[in-house]
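This report describes a single protein chain. The sequence and the model are shown first.

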Amino acid sequence: ESTLFCVGCGLSASLLDLLLPQETLAKAPESFFHHEARFYKKIDDTTVQCELCPRECTLSEGVRSFCRAREPKAGRLYSLVYGKACAVHIDPIEKKPLFHFLPGTPIFSIATAGCNFRCKYCQNWQISQFPPEETYNYELPPQEVVNQALKNNCPSIAYTYTEPSIFYEYMLDTAKLAKLKGIKNMYHSNGSLNPKPVEELSLYLDAADIDLKGFTQEFYSEVSSGYLETVLNTLKVL
């Protein structure tokens, strides 16, 4: 019998003009601080700056990143969502939507809580706009994601539903293991990721769908609190 989980369903402008206030949330459970984030720099003993996406949040202990998925502790930045999938499902690949890549096949799809956009029309807001301590999470480390894809005869894995960039480390480690097993990797993203992380991730991707949500910075500012220039650059890099 197949195992199936499902929950929840799915810089041309100044940074100061666009960045919404960072959130001071209740401190995440100690168990969430187990995987150090990548792409950040230390400012001082208690402050770090995330360099994953163009927001480049500067964070001190107890202050959560804009995406709600990263927080510093003892001078290190941690991913709070590594291995904590809040949405896991087997979809037809056409739902991603891709019609020319492995057509007619199932794709094992995962997401964690959080997003670095605030789209006013988000259909998956129950997971994208909540921190990981407020969603129901499955303990699903990278190797288990790959095992479940194999068990359910899925030739590919999708990083999707919320914004996979915010669970970058989880996605990257899963993608590397998937490649070793001959499983394809699909990235469904808003495109808000800095060039270096995009380049590294690209080494393990087989398909990508970047949502170009609008054609002006005015639209991105008003509707998504994002950056058109970054999205266009991600498309060029991919």
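The sections below treat the overall make-up, the nonpolar cores, the salt bridges, the cysteines, the surface and the backbone.

## Overall make-up

The model is predicted. Its chain contains 7 helices and 13 strands. Of the 238 residues, 54% count as buried. The accessible surface of the chain is about 10,500 Å², and carbon and sulfur atoms account for 55% of that area.

## Nonpolar cores

The largest nonpolar core comprises 48 residues, and those with the most contacts inside it are Phe108, Ile110, Ile157, Tyr168 and Tyr170. Two or more residues of this core come from each of strand 3 (47-50), strand 9 (106-111), helix 3 (142-151), strand 11 (156-159), helix 4 (168-180), helix 5 and helix 7. Helix 4 supplies the largest share, 6 residues.

Which residues does Ile157 contact, leaving aside its neighbours within four places in sequence? The partners of Ile157 are Ile107, Phe108, Val145, Val146, Ala149, Thr174, Ala178, Ile183, Lys184, Asn185 and Met186. A second core of 7 residues is separate, and it includes Ile93, Leu98, Phe101 and Ala158.

## Salt bridges

In the whole structure, 10 salt bridges are found. One of them pairs the side chains of Arg38 and Glu200, at an N to O distance of 2.8 Å. Arg38 belongs to the loop between strand 1 (35-36) and strand 2 (40-42), while Glu200 belongs to helix 5 (residues 195-202), so this pair ties together parts that lie 162 residues apart in sequence. Arg38 is partly exposed, at 32% relative accessibility.

Arg64, Glu71 and Glu133 are linked in a network of salt bridges. The side chains of Arg64 and Glu71 meet with N and O 2.6 Å apart. Arg64 is buried, with a relative accessible area of 1%, and Glu71 is likewise buried, with a value of 1%. In the salt bridge of Arg64 with Glu133, the closest N and O atoms are 2.8 Å apart. Because Arg64 sits in the loop between strand 4 (58-60) and strand 5 (70-73) and Glu133 in the loop between helix 2 (125-128) and strand 10 (138-139), this pair ties together parts that are 69 residues apart in sequence. Glu133 is partly exposed, with a relative accessible area of 27%.

## Cysteines

How many disulfides does the structure hold? The number is 0. Cys53 is in no disulfide, and the nearest cysteine sulfur, that of Cys57, is 6.2 Å away. Cys57 is in no disulfide either, its nearest cysteine sulfur being that of Cys53. Since a disulfide requires cysteine sulfur atoms within 2.5 Å, the separation of 6.2 Å between Cys53 and Cys57 does not qualify.

Both side chains belong to buried residues: Cys53 has a relative accessible area of 12%, and Cys57 has one of 6%.

## Surface features

Leu212, Phe215, Leu232 and Leu235 form a nonpolar patch on the surface, with a combined accessible area of about 390 Å². Within this patch, Leu232 lies in helix 7 (residues 228-237). Leu232 is partly exposed, with a relative accessible area of 35%.

Glu61 is located in the loop between strand 4 and strand 5. At 44% relative accessibility, Glu61 is partly exposed. The C-alpha atoms of Glu61 and Thr47 are separated by 7.0 Å, and these residues are 14 residues apart along the chain.

## Backbone geometry

Lys96 and Pro97 are joined by a cis peptide bond, with omega about 0°. Pro97 lies in the loop between strand 8 (87-92) and strand 9.

Two residues other than glycine with positive phi values are described here. Phi of Glu56 is near 45°. Glu56 is placed in the loop between strand 3 and strand 4, and is partly exposed, with a relative accessible area of 32%. Phi of Asn153 is near 55°. Asn153 occupies the loop between helix 3 and strand 11 and counts as exposed, at 62% relative accessibility.

Note on methods. Residues numbered from 1 in each chain as written. Predicted model: local features only at pLDDT ≥ 70, side-chain atom pairs only at ≥ 80, totals over all residues. Heavy atoms only, no water. Salt bridge = Lys/Arg side-chain N within 4 Å of Asp/Glu carboxyl O. Helix = DSSP H or I, 4+ residues; strand = E, 2+ residues; numbered from the N terminus. Buried < 20%, exposed > 50% of the residue type's maximum accessible area, 1.4 Å probe, protein only. Patch = residues over 30% accessible without salt bridge, like charges linked within 9 Å, V, L, I, M, F, W, Y side chains within 5 Å. Areas by Shrake-Rupley, 256 points an atom, 1.4 Å probe, with all protein chains shown as cover. Core = buried A, V, L, I, M, F, W, Y, C linked by side-chain atoms within 4.5 Å. Contact = heavy atoms within 4.5 Å.
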